[in-house]
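Got your viewer open? Load the model, find the selection tool, and let's take a walk through it together.

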Amino acid sequence: MSELKRIGVLTSGGDSPGMNACIRAVVKAGIGKGIQVFGIEDGYKGMIEDRIRELTYTDVNNIIHLGGTILGTARSEEFKLKEWREKAVANLRKLQIEALILIGGDGTFAGGMTLTNEFDIPIIGIPGTIDNDIHGTEFTIGYDTCLNTVVEAVDKIRDTASSHHRVFFIEVMGRASGYIALNTAIASGAESVLIPETVTDIPLLADQIRNQNKGIRSSIIIVAEGDEEGGAKEIMKKVKPYLETYDLKCSILGHIQRGGSPSAFDRILATRMGVKAVELLFEGKKSMMIGQIGRDLVFHNILEGTTDHVSKDDSGIGLLKLLLTKG
Ligand code: ATP
């Protein structure tokens, strides 16, 4: 039986749709197990600034469908320095918070590892980022919603591109990872995709556009913002000398990609991971990251780089019963 009485939860790094569903699951599962759950505002920034409050059932009522994060999120350069981490940990200790659930990306987990290494605070990392760029999981919370938002936008642009016989370069998020771009291209039937993981050849791209456009003169080219040849605007400029007679346009989708109500997939993923994170802490686990491979949740030890356990039994009726508990 665990001695655990008080845990903290935070969202950190870029926001992603489904973070609220995850916070809700952590709070419900925690309270259900007799644990007090504290929400830390704006990630590590709020931990340093002592902005920490207890979360009740009421706080997480009616948030499963909301995008963004009710706790807020931030990036904190200060937290990378030990002196500021000591201040943050003093704030946790004041409230007797013994363990943390961290919803974010790689950077967030790196921050969490310093808390385990230096202060022996158990942490469980839950992958929450639209980029789907975290090792050890096939899906991150927010990616599915983002992909659907982007595909819907591209479909709309295609209508006007084909009506006006234009070539559109559409820039999507992904500084270091082309996941959003690649799967958007597949799902929207784009003519080309440029991602950071592959080499972009401008003359070859121009040739492809020319060949695809025989007679139609409309194309959709998806560009990940981190492509080594530049974003959509730069690529369009570089291609222009090869396609002087073509009507080239550029569209940068921007922050619309982060917002919106999470998809059913992201809500379920977030809920499964949130509940499991509480259970792992309850079992006395430290420094774990939860992932989903296929339909199974997997648990990686992020300090040792090992995979501890695969869970097949956490979906369905048991999970639902726990979450139906009303305060
Ligand atoms: P996203 O994928 O959306 O960018 P992320 O979690 O990778 O999410 P980061 O900005 O890289 O986002 O990290 C979030 C925060 O984690 C940082 O602002 C910083 O406070 C903390 N952090 C990152 N790396 C470290 C580190 N090496 N040591 C301590 N803290 C860190």
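How much space lies in the largest pocket? The answer is about 680 Å³. Keep in mind as you look around that this is a predicted model.

**Stop 1: the pocket**

Select Gly 13, Gly 14, Arg 75, Gly 107 and Thr 108. Of the 32 residues that line the largest pocket, these five lie nearest its centre. Now highlight residues 106–119, which make up helix H4. This helix gives six residues to the lining, the largest share.

Next, try colouring the lining by residue type. What should turn up? You'll get eight nonpolar residues, 14 polar ones and 10 charged ones.

**Stop 2: the two domains**

Colour 6–142 together with 262–307 in one shade, and that's domain 1. Give 145–258 another shade for domain 2. On the contact between them, domain 1 puts in 11 residues and domain 2 puts in nine residues. If you mark the centre of each domain from its C-alpha atoms, the two marks sit 35 Å apart.

Flip back to the pocket for a moment with these colours on. Domain 1 and domain 2 each supply at least three residues to its lining.

**Stop 3: where the domains meet**

Zoom in on the interface. About 910 Å² of area is buried between domain 1 and domain 2, and carbon and sulfur atoms give 48% of it. How many salt bridges does the rule find across this interface? The count there is zero.

**Stop 4: a salt bridge**

Side chains of opposite charge can pair when their charged atoms come close. The structure as a whole holds 16 salt bridges, so let's visit one of them. Select Arg 53 and Glu 41: their closest N and O atoms are 2.9 Å apart. Arg 53 is in strand E3 (residues 52–55), while Glu 41 is in the loop between strand E2 (36–40) and helix H2 (43–48), so this pair ties together parts that are 12 residues apart in sequence.

Methods: Residues are numbered from 1 along each chain as its sequence is written. This is a predicted model: local features need pLDDT of at least 70, side-chain atom pairs count only at pLDDT 80 or more; totals for chains, interfaces and linings use all residues. Side-chain values use heavy atoms; hydrogens and water are left out. On a 1 Å grid over the protein atoms alone, a cavity is a set of points where a 1.4 Å probe fits but cannot get out, and a pocket is an open set with protein on both sides within 12 Å along at least five of seven lines; lining residues have an atom within 4 Å of a point. Grid points are joined across faces, edges and corners, and a volume is the space filled by probe spheres set on the points. Helices (H or I, at least four residues) and strands (E, at least two) are DSSP runs, numbered from the N terminus. Ala, Val, Leu, Ile, Met, Phe, Trp, Tyr, Cys and Pro count as nonpolar, Asp, Glu, Lys and Arg as charged, and the others, Gly among them, as polar. Domain bounds come from an automatic or database domain assignment. Contact means heavy atoms within 4.5 Å. Buried area is the accessible area (1.4 Å probe) that two parts lose on being put together, summed over both. A salt bridge is a side-chain nitrogen of Lys or Arg within 4 Å of a carboxyl oxygen of Asp or Glu.
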